[in-house]
Amino acid sequence: MSEFYRFPAMARLGEWSSDQQAEKVCDEAQELAEASAQGSTCYEDDFEAMDVIHSAENYLRMKGHSDETLEMLRSLVIEKNRKRGYYDER
């Protein structure tokens, strides 16, 4: 079992294509944007943010990457964002 993921795998993950799961990530991100724009209460927007992470994890899980590959991808994203100045690294 992978140490990378925070959420359990979806029971019927094999019934979806990676394209369908990518669309699910977009749908969940749209729900987050709508909850945030509405000034939601009771952590609704935070709940939606976690749902985006969950759906993105399932997308990556579908790709069958090893933990080493996932860590390499994570490192590349960190480096890209570091170069853009997105991190407070004072």
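**Figure 1. A patch of negative charge on the surface, formed by E23, D27, E31 and E34.** In this predicted model, the four acidic residues E23, D27, E31 and E34 gather on the surface as a patch of negative charge. One of them, E23, belongs to helix α1, which covers residues 18-37. E23 counts as partly exposed because its relative accessibility is 46%, a value that lies between the 20% limit for buried residues and the 50% limit for exposed ones.

**Figure 2. Overall view of the protein chain, with its three helices and zero strands.** Followed along the sequence, the secondary structure of the protein chain reads α-α-α, and the C-alpha trace spans about 40 × 40 × 20 Å along its principal axes. The protein chain has 90 residues, of which 17% count as buried. Among the contacts of the protein chain with a separation of 6 or more, 66% are accounted for by residues 24 or more positions apart. The protein chain exposes about 6,900 Å², and carbon and sulfur atoms supply 53% of that area. The protein chain carries 11 positive and 20 negative charges, and the mean positions of these two sets are 7 Å apart.

**Figure 3. R61, a buried residue that has no salt bridge.** This view is centred on R61 in helix α2, the helix made of residues 44-63. The nearest side chain of opposite charge is that of E57, at 4.4 Å from R61; because a salt bridge requires the side-chain nitrogen and the carboxyl oxygen to be within 4 Å, R61 and E57 are not counted as such a pair. When neighbours within four places in sequence are left aside, the residues in contact with R61 are Y5, F7, P8, A9 and L13.

**Figure 4. The salt bridge between K24 and E28 in helix α1.** Side chains of opposite charge can pair when their charged atoms come close. Here K24 and E28 form a salt bridge in which the closest N and O atoms are 3.0 Å apart. Both residues lie in helix α1, with a spacing of four residues, or about one turn of the helix. K24 counts as partly exposed because its relative accessibility is 29%, whereas E28 counts as buried because its relative accessible area is 6%. The structure as a whole holds five salt bridges, and further examples are given in the next two legends.

**Figure 5. The salt bridge between E71 and R74 in helix α3.** The side chains of E71 and R74 meet with an N to O distance of 2.7 Å. Because E71 and R74 are three residues apart in helix α3, which comprises residues 67-83, about one helical turn separates them. E71 is partly exposed, since its relative accessible area is 35%, and R74 is likewise partly exposed, with a relative accessible area of 40%.

**Figure 6. The salt bridge of R90 with D88, and the network of E79, R82 and E89.** R90 and D88 form a salt bridge, with 2.6 Å between the closest N and O atoms. R90 counts as exposed because its relative accessible area is 88%, and D88 is also exposed, at a relative accessible area of 58%. In addition, salt bridges link E79, R82 and E89 in a network.

**Figure 7. N81, a buried residue of helix α3.** The residue at the centre of this view, N81, has its place in helix α3. With a relative accessibility of 14%, N81 falls under the 20% limit and therefore counts as buried. If residues up to four places away in sequence are not counted, N81 touches Y86 and Y87.

**Figure 8. A nonpolar surface patch made by M72, L73 and L76.** The side chains of M72, L73 and L76 make a nonpolar patch of about 260 Å² on the surface. M72 is found in helix α3, and M72 is partly exposed because its relative accessible area is 42%. Residues enter such a patch only with over 30% relative accessible area, so M72, at 42%, passes this cut-off.

Notes: Residues are numbered from 1 along each chain as its sequence is written. This is a predicted model: local features need pLDDT of at least 70, side-chain atom pairs count only at pLDDT 80 or more; totals for chains, interfaces and linings use all residues. Side-chain values use heavy atoms; hydrogens and water are left out. Patches are made of residues with over 30% relative accessible area and no salt bridge: like charges are joined within 9 Å, nonpolar side chains (Val, Leu, Ile, Met, Phe, Trp, Tyr) within 5 Å. Accessible areas come from the Shrake-Rupley method with a 1.4 Å probe; for residues, only the protein chains shown count as cover. Lys and Arg count as positive and Asp and Glu as negative; His and the chain ends are not counted. The place of a charge is taken as NZ of Lys, CZ of Arg, CG of Asp or CD of Glu. Helices (H or I, at least four residues) and strands (E, at least two) are DSSP runs, numbered from the N terminus. Buried means under 20% relative accessible area, exposed over 50%, partly exposed in between (1.4 Å probe, protein chains only). Contact means heavy atoms within 4.5 Å.
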